[in-house]
Amino acid sequence: MTIDKLLKGLKAWDPRAIGRAISLVENGDDSAEAILSSLDEDLISEATILGITGPPGAGKSTLTNGIISQLRQSRKRIGIIAIDPSSPISGGAILGDRIRMMQHATDQDVVMRSMATRGRLGGLCATAGAAVRIMASCGCSNIIIETVGVGQSEMDIIRLADITLLVLAPGLGDDIQAMKAGLLEVADILVVNKADCKGADILAMDLEAVTRKGSATPTPVSMTVATESKGIAELLDQIEKVDSEHRDSGERQKRRRGAHNQEVLDWCLEILRPRLLAEITKKGLPLLGDPRLKAKKILEEQ
Amino acid sequence: MTEKTPKKRVLVGKPGLDGHDRGAKFLAQALRDAGFEVVYTGIRRSPEEIAAAAIQEDVDALGLSSLSGAHMRLFPAVVEALAKAGAPEIPVLGGGVIPDEDILALKAAGIVEIFTPGTPVDIIISAFQDACEKKSAG
Ligand SMILES: Nc1nc2c(ncn2[C@@H]2O[C@H](COP(=O)(O)OP(=O)(O)O)[C@@H](O)[C@H]2O)c(=O)[nH]1
Ligand SMILES: [Mg+2]
């Protein structure tokens, strides 16, 4: 596909062009700049970006599938970015989130992209952010980012979202008290999925107790049975409520700004890393002497 | 980005109605272990769903598995669905319990490579590598 044809495809909101454009940006292709500067900033600022995180197996993909179905009833175009970890050994990855969402595969207004973390330091935020922008610019008024809530780089991704759901389920062996600090805090809404399973009520009660403790505005807890699309309409109402609060209070703008700065920083590092590496290799530095001092000197020379 | 060579992305899917995903899972894992990013779509997919997913995911190649004996209908149907969706350049490879006489017919129908239960893994991997490279070259 030539770059002209690709840009035309993006203007026409063609899923094929969207897929190609994301790959080119993800691979750091030279055409990335032409692509990214062609995007529709108005559509990007209007879109709602929903982050869905939580432990593996909690039902994030199944829930996403249910949310897509619900949102499609109002004919909205939806973008989904599903992120899974790359294998640290082979660098490969199995991206299996689509399994739960295949009922929407032939819907031209559901645009989905699976993405591997590629063991990036940070950089993931830049590429996932670019994917969000490309989708939003191609008419996706709602964009869902699904990511496993375990690693730091995955957690950074969630900063891209306007609203974040933390999805939990009974029987996953997660002790709430021991749950990674931060995971509960990033959430705007806690979702107890698999409400049809034993232990869901207790989990919801525990969560409510934890978020009430020491907070004037406890995080709302929703219950869902994603496999039966139960509780999804109520969850979307809750999301809308939080969204309008965030818009009124300026929280949405504040988050957008924070995410934007993070993305710019991420791109700086992405662009600098190969340059600096080349510079360092070229210098053939002696083994003697302190690395930090050398780093400072190299940066000053830039 | 951090690495110079773009990652190879492939989609592994299983068209047809039988529920055996052993072959597809084996293929997905072998490709993952060889460094590919594998979009796995699970069992019981229509050729149109597989083609649409392959396009959105912008994969370099598509691997199909079939144990039901319906490969003569389903594999070419995926090739057709890709062409219809405007992506005839995505190479399709297939695996399954496939008799020799069908292999020629499938290749004639546009499937670039066929694997049977006896095919060694490294042959499969290098066939995918070749297919991916040919695609990005052409
Ligand atoms: N009983 C029950 N099972 C569910 C529910 N939601 C998802 N599951 C199952 O949980 C498993 C993991 O779901 P998935 O969406 O892939 O989880 P993810 O790893 O968080 O994306 C699958 O087998 C789903 O069918 C639910 O509400 N109730
Ligand atoms: Mg998932």
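**Exercise 1. Sort the shell around ligand 1 by residue class, then find which residues come nearest and which element gives the largest share.**

Solution. Start with the classes: six residues of the shell around ligand 1 are nonpolar, six are polar and five are charged. Keep in mind that this is a predicted model. Next, look at proximity: of the 17 residues around the ligand, those that come nearest are G57(A), K60(A), T62(A), R100(A) and D196(A). Finally, turn to the elements: helix α5 (residues 60-72) of chain A supplies three residues, the largest share of the shell.

**Exercise 2. Find polar partners for the oxygen atoms of ligand 1, and say how much of the ligand the protein buries.**

Solution. Take the backbone first. A polar backbone atom of G57(A) sits 2.8 Å from a ligand oxygen, and a backbone N or O atom of A58(A) is 3.3 Å from an oxygen of ligand 1. Now the side chains: E146(A) places a polar side-chain atom 3.2 Å from a ligand oxygen. As for area, ligand 1 taken alone exposes 590 Å², and the protein buries 76% of that.

**Exercise 3. Trace the largest nonpolar core through the elements and domains of chain A.**

Solution. Begin with its members: the core has 34 residues, and among those with the most contacts inside it are L10(A), I18(A), I81(A) and I143(A). Then go to the elements: those giving two or more residues include α1 (3-11), α2 (15-26), β2 (78-84) and β5 (142-148) of chain A. The largest share, nine residues, comes from α6(A). Last, the domains: domain 1 (1-38) and domain 2 (39-249) of chain A each contribute at least three residues to this core.

Key:
Residues are numbered from 1 along each chain as its sequence is written. Chains are lettered from A and ligands numbered from 1 in the order in which they are written. This is a predicted model: local features need pLDDT of at least 70, side-chain atom pairs count only at pLDDT 80 or more; totals for chains, interfaces and linings use all residues. Side-chain values use heavy atoms; hydrogens and water are left out. A residue is near a molecule or strand if one of its heavy atoms lies within 4 Å of it. A polar contact is a pair of N or O atoms within 3.5 Å; within protein, one must be able to donate a hydrogen and the other to accept it, and residues adjacent in sequence count only if both atoms are side-chain atoms. Accessible areas come from the Shrake-Rupley method with a 1.4 Å probe; for residues, only the protein chains shown count as cover. Helices (H or I, at least four residues) and strands (E, at least two) are DSSP runs, numbered from the N terminus. Ala, Val, Leu, Ile, Met, Phe, Trp, Tyr, Cys and Pro count as nonpolar, Asp, Glu, Lys and Arg as charged, and the others, Gly among them, as polar. A nonpolar core is a set of buried Ala, Val, Leu, Ile, Met, Phe, Trp, Tyr and Cys residues joined through side-chain atoms within 4.5 Å. Buried means under 20% relative accessible area, exposed over 50%, partly exposed in between (1.4 Å probe, protein chains only). Domain bounds come from an automatic or database domain assignment.
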